[in-house]
Amino acid sequence: MKKISIGAEDRVFVLTGAGISAESGLPTFRAADGLWAGSRVEDVCTPEAWQRNPWRVWEFYSGRRADGAKAQPNPAHVTLAKLEAQLGDRFFLCTQNVDDLHERAGSSRLVHMHGELSRSRCERECGRPPVEDHAIYRSLSEVGLCPCGGRLRPHIVFFGEIPLEMERIEAEIAKATLMLVVGTSGSVYPAAGFVHWARQAGARTVYVGPEPPLNASAFTHVVEGKAGEVMPGLFQVE
Ligand code: NAD
């Protein structure tokens with residue numbers, strides 16, 4: 001396998017998706033049947049679903065919390081943490097995942113553009129920051145209220161809502177000379193468009209995953225394989 005060289009002048013922007021956590025036992029989304037852990041996105045991950053039936057949403061994310069707590073980082077997460085340790089502030093990680101496997105592998109220069117399973121926030125957007133919340137709820141009556149009286153909702157970007165940290169992400173992509181995208185189908189925007197922004201800025205663009213993503217033609221290099229198998233030997237840091 002041809003190694004990806006990272007030179008002293010390179011700045012690396014990494015985008016990860018559900019595929020990087022697949023070998024940790026967390027199901028991806030959409031790949032096979034359009035379901036995520038047996039649920040339709042419309043029922044559990046939209047503002048309308050939350051308005052209609054908040055318990056159905058909390059039940060789903062409580063299940064994801066339980067699965068996430070049992071999962072362990074795999075060699076792909078560990079490879080990215082080691083790359084960060086070597087590159088320092090020339091490395092930036094943006095994940096679409098809501099699990100915390102990157103942090104548990106040792107990554108710290110990262111943003112969760114679609115939110116985090118381990119936090120909750122006020123449904124009224126009252127301005128209070130998200131709070132840490134690892135609870136696995138068994139009924140809606142267990143879910144706490146914000147001091148303003150609003151119900152707490154998962155700190156998750158539902159479909160139709162604006163992703164988090166977009167200004168910072170855009171600034172990091174503009175500086176990057178190498179974009180590495182791992183385990184994402186290229187179907188959820190704006191993340192699926194990041195590779196185009198990177199190409200416009202002149203960066204090399206590399207995809208890693210077992211099958212080409214929908215936006216494969218925008219990559220200068222596609223490495224076909226499971227992330228946990230191919231990532232550990234993929235990089236040559238000069
Ligand atoms: P997706 O399910 O649409 O696509 C998953 C991609 O991963 C596919 O292209 C598939 O080929 C690839 N893949 C499967 N196994 C792989 C492996 N071993 N190594 C590398 N790649 C592999 O996921 P998405 O594009 O990330 O979009 C789904 C959205 O749903 C995300 O934005 C996220 O917010 C949410 N989600 C999060 C999690 C999580 O946190 N673990 C899990 C499912 C969905």
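**Domains, spaces and local geometry of the predicted model**

Glu-125 is exposed, with a relative accessible area of 52%. The model is a predicted one, and Glu-125 sits in the loop that runs between β7 (115-122) and β8 (131-132). The phi angle of Glu-125 is near 50°, which is a positive value in a residue other than glycine. Most residues other than glycine have a negative phi, and most peptide bonds are trans.

A positive phi is also found at Glu-165, where the angle is near 60° in a residue other than glycine. Glu-165 belongs to the loop between β9 and α6. With a relative accessibility of 41%, Glu-165 counts as partly exposed, because the partly exposed class covers values from 20% to 50%.

Leu-164 is placed in the loop between β9 (152-156) and α6 (166-175). The relative accessibility of Leu-164 is 25%, so Leu-164 counts as partly exposed. In sequence, Leu-164 and Met-113 are separated by 51 residues, yet their C-alpha atoms are 4.7 Å apart in space. When neighbours within four places in sequence are left aside, Met-113 is one of the residues in contact with Leu-164. The others are His-112, Gly-115, His-155, Val-157 and Ile-169.

A departure from trans geometry occurs at the peptide bond from Tyr-189 to Pro-190, which is cis with omega near 10°. Pro-190 is located in the loop between β10 (178-182) and α7 (194-200).

The protein chain is divided into two parts by the domain assignment. Domain 1 consists of residues 1-26, 72-114 and 163-238, and domain 2 consists of residues 28-70 and 117-156. A distance of 26 Å separates the C-alpha centres of domain 1 and domain 2. Contact between the two domains involves 13 residues of domain 1 and 11 residues of domain 2.

The largest pocket holds about 950 Å³ of space. Its lining is made up of 49 residues, and those closest to the centre of the pocket are Gly-17, Ala-18, Gly-19, Phe-29 and Asn-97. Both domains take part in this lining, as domain 1 and domain 2 each provide at least three residues. Among the secondary structure elements, α3 (54-70) and β11 (204-209) each supply at least two lining residues. The most is given by α3, with four residues. By class, the lining of the largest pocket has 28 nonpolar, 13 polar and eight charged residues.

Enclosed spaces were also searched for. Across the whole structure, two cavities of 30 Å³ or more are found. The largest cavity contains about 70 Å³ of space. Of the 13 residues in its lining, Leu-15, Val-181, Ala-191, Ala-192 and Asn-215 are the closest to its centre. The elements β10 and α7 each contribute at least two residues to the lining of the largest cavity. Nine of the residues lining the largest cavity are nonpolar and four are polar, while no charged residue is present.

The second largest cavity has a volume of about 30 Å³. Its lining consists of Arg-11, Val-12, Phe-13, Arg-90, Phe-91, Phe-92, Glu-172, Lys-175 and Ala-176. At least two of the lining residues of the second largest cavity come from each of β2 (12-16), β5 (91-95) and α6. Five of the residues lining the second largest cavity are nonpolar and four are charged, with no polar residue.

Thr-79 is part of helix α4 (residues 75-87). The relative accessible area of Thr-79 is 11%, and Thr-79 is therefore buried, the limit for this class being under 20%. The side chain of Thr-79 reaches to 2.7 Å from the backbone oxygen of Pro-75. Apart from neighbours within four places in sequence, the residues in contact with Thr-79 are Met-231, Pro-232 and Phe-235.

Technical notes: Residues numbered from 1 in each chain as written. Predicted model: local features only at pLDDT ≥ 70, side-chain atom pairs only at ≥ 80, totals over all residues. Heavy atoms only, no water. Buried < 20%, exposed > 50% of the residue type's maximum accessible area, 1.4 Å probe, protein only. Polar contact = N/O pair within 3.5 Å; in protein donor to acceptor, adjacent residues only side chain to side chain. Contact = heavy atoms within 4.5 Å. 1 Å grid on protein atoms, 1.4 Å probe; cavity = no way out; pocket = protein on both sides within 12 Å on 5 of 7 lines; lining within 4 Å. Points joined across faces, edges and corners; volume = space filled by probe spheres on them. Nonpolar A, V, L, I, M, F, W, Y, C, P; charged D, E, K, R; others polar. Domains from an automatic or database assignment.
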